[in-house]
Amino acid sequence: MKTWITYIAALLMGLAAALLMSSIDLAYEIISSVSSFLVSFGMFITIPVVFISFASGTASLMKDRKGWKTAGMSFLWSVISALVLAFAACIIFIAEPEAFPVTSSAGSAPGTLSSHVYYMLSSSSSSLYPGNPFLTLATTIRFILPVVIVAWIFGLALKPSSDIIRPAYTTMNSFAEVMYRISRTYSVYGFFLTFFASASLFIGIYQEKTLFAAPEYAVLIVLALAAAVLIILPLLYGVFTGFKKNPYKVLLRSIAPALLAFSSSNSVCTIPVSESIARQNLGVQKRISSVTVPVFSIIGKGGSAFISTIILLSLYQATANEAPGTGVIAATALTAVLVSFISSFSMGTETALITVLTLNILGINLYGAENAIIAMLPLIGGLGAMVDSIISSYGSSIVATAIGTDIEIPYRDTI
């Protein structure tokens with residue numbers, strides 16, 4: 001059965017399980033524990049997959065002199081998609097302004113959210129200090145930039161520019177194929193993770209009950225998400241590909257990593273699925289998906305910028321009891337985009353980092369009102385991660401098209 005079907009079924013079963021067991025505390029604890037374990041296991045798989053496949057992909061792209069074009073197109077798509085989505089969020093909010101609702105965390109002590117963000121920044125930044133590369137690979141959990149840097153250095157050295165290097169290049173390429181076999185298996189059975197993660201997420205939403213008390217805000221989020229996923233990103237993909245490829249085919253075939261990202265709020269554990277889907281379903285070469293997917297998981301955070309912009313504008317309205325001015329709206333969107341490029345420092349809570357740093361950069365004091373998003377972080381982070389995953393799938397396809405190596409995969413051959 002195709003992954004897009006099994007992952008949708010897993011999400012719906014997670015919703016059903018949440019409705020049935022939402023009032024049973026022990027059931028929620030068990031589901032949350034299993035979900036946390038499976039997400040950690042996904043990250044456990046991701047690190048060797050990223051290191052080996054990224055190094056192999058870098059060497060292959062540099063061998064054929066396509067490395068810089070791949071990097072350039074990846075960066076361009078990340079920037080343009082983030083800018084377009086952030087300013088689209090502004091337009092949506094202006095058309096339908098809603099204040100951020102009061103949540104169970106609204107009364108938290110001022111600085112609670114900021115403390116978490118600065119702790120994540122400090123922890124992730126320290127891992128960038130050059131030391132033992134093998135220790136870096138062994139200790140990396142959420143922030144994969146150090147792994148990518150080490151893999152990039154190895155990949156450059158693996159470029160088969162002489163006869164003595166070619167055996168090492170061939171060996172690494174073979175190991176990359178092994179990693180893709182692991183990723184394919186992970187993709188096929190990843191619906192188990194989606195089920196437990198979505199059940200945990202939906203139970204948390206039900207117990208929080210904020211969206212039930214403020215349905216207007218839920219409608220705003222749903223409409224904004226639908227506009228981003230079904231209109232804005234497909235149109236932008238069409239522009240980048242010259243309208244020669246069907247964006248909705250890419251979207252349908254990329255549902256699995258999108259739903260996994262939504263339910264887990266974690267872009268790292270989604271990487272093996274994204275790489276496998278890009279190769280098996282979207283016709284992206286292994287060497288391209290091996291590089292683009294990890295890169296997009298670091299800088300392709302247009303979805304997180306999109307959700308964060310809406311959150312920030314609604315927080316302004318909730319605090320000041322009036323809609324913010326045009327200048328504030330534009331400054332918020334632009335700052336959120338800039339901050340999004342470092343939001344992977346706080347993997348899993350990118351929206352929290354974007355929110356806190358944007359407020360600090362703009363010098364806006366909400367007197368602790370931003371703590372209201374803490375109770376909603378699993379949902380907010382999940383929505384941002386889902387759109388980020390779709391951006392990654394579109395971006396990999398765009399890079400493959402730009403390089404001229406994309407192929408059409410018959411539906412019967414997809415996973």
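This tour proceeds through a predicted model, one selection at a time.

**First selection: helix α1**

Select residues 3–21, which form helix α1. The helix contains 19 residues, and the distance from its first C-alpha to its last is 26 Å, close to the 27 Å expected at 1.5 Å a residue. Now colour Thr3, Thr6, Tyr7, Ala10, Leu11, Gly14, Ala17 and Ala18, the buried residues of α1. Why do they lie on the same side of α1? They cover an arc of only 140° around the axis, which places them on the same side of the helix. A general rule is useful here: an α-helix has 3.6 residues a turn, so residues three or four places apart point the same way.

Turn the view to the other side of α1, where Leu12, Met13, Leu19 and Leu20 are exposed. Then return to the buried residues and display what covers them, which includes α7 (166–189), α8 (191–208), α12 (255–264) and α13 (271–280).

**Second selection: helix α2 and the residue after it**

Proceed to residues 25–63, helix α2. This helix has 39 residues and reaches 56 Å from first C-alpha to last, close to the 57 Å expected at 1.5 Å a residue. Select Arg65 next: this residue follows α2 and has a positive phi, near 60°.

**Third selection: two loop residues**

Two further residues with positive phi may be visited in loops. Phe243 is located in the loop between α10 (215–241) and α11 (247–253). Its phi is positive, about 55°, although Phe243 is not a glycine. Is Phe243 buried or exposed? With 57% relative accessibility, Phe243 counts as exposed.

Select Tyr367 afterwards, in the loop between α17 (350–362) and α18. Tyr367 also has a positive phi, near 55°, in a residue other than glycine. The relative accessible area of Tyr367 is 67%, and the residue is exposed.

**Fourth selection: the largest cavity**

Attention now passes to enclosed space. As a general matter, rolling a probe the size of a water molecule over the atoms shows where empty space is left. The structure contains two cavities of 30 Å³ or more. The largest of them holds about 110 Å³ of space.

To display its lining, select Ala261, Ser267, Thr270, Ile271, Ser274, Val293, Phe296, Ser297, Ala385, Asp388, Ser389 and Ser392. Which elements each supply at least two residues of this lining? They are α13, α14 (286–299) and α18 (377–403). Helix α18 gives the most, with four residues. Sorted by class, the lining of the largest cavity comprises five nonpolar, six polar and one charged residues.

One lining residue, Ala261, merits a selection of its own. Ala261 belongs to helix α12 and is buried, with a relative accessible area of 1%. Beyond residues up to four places away in sequence, Ala261 touches Asn266, Thr270, Gly382, Ala385, Met386 and Ser389. A distance may also be drawn from Ala261 to Ile271: they are 10 residues apart along the chain, and their C-alpha atoms are separated by 9.4 Å.

**Fifth selection: the second largest cavity**

The second largest cavity has a volume of about 40 Å³. Select its lining: Ser254, Ser274, Ile277, Ala278, Leu282, Val293, Ser392, Ser393 and Ser396. The elements giving two or more residues to this lining are α13 and α18. By class, the lining of the second largest cavity divides into four nonpolar, five polar and no charged residues.

**Last selection: two buried residues of α18**

Select Gly384, in helix α18. Gly384 counts as buried, at 0% relative accessibility. Leaving aside residues up to four places away in sequence, Gly384 touches Gly303, Ser304 and Ile307. Draw a line from Gly384 to Lys301: these residues are 83 apart along the chain, with 7.9 Å between their C-alpha atoms.

Finally, select Val387, which also lies in helix α18. Val387 is buried, with a relative accessible area of 0%. Which residues does Val387 touch, not counting residues up to four places away in sequence? They are Leu85, Leu225, Val229, Leu233 and Gly303. A last line, from Val387 to Val188, joins residues 199 apart in sequence and 21 Å apart in space, C-alpha to C-alpha.

Definitions and conventions. Residues numbered from 1 in each chain as written. Predicted model: local features only at pLDDT ≥ 70, side-chain atom pairs only at ≥ 80, totals over all residues. Heavy atoms only, no water. Expected span 1.5 Å × (residues − 1). Buried < 20%, exposed > 50% of the residue type's maximum accessible area, 1.4 Å probe, protein only. Arc of directions from axis to C-beta. Contact = heavy atoms within 4.5 Å. 1 Å grid on protein atoms, 1.4 Å probe; cavity = no way out; pocket = protein on both sides within 12 Å on 5 of 7 lines; lining within 4 Å. Points joined across faces, edges and corners; volume = space filled by probe spheres on them. Nonpolar A, V, L, I, M, F, W, Y, C, P; charged D, E, K, R; others polar.
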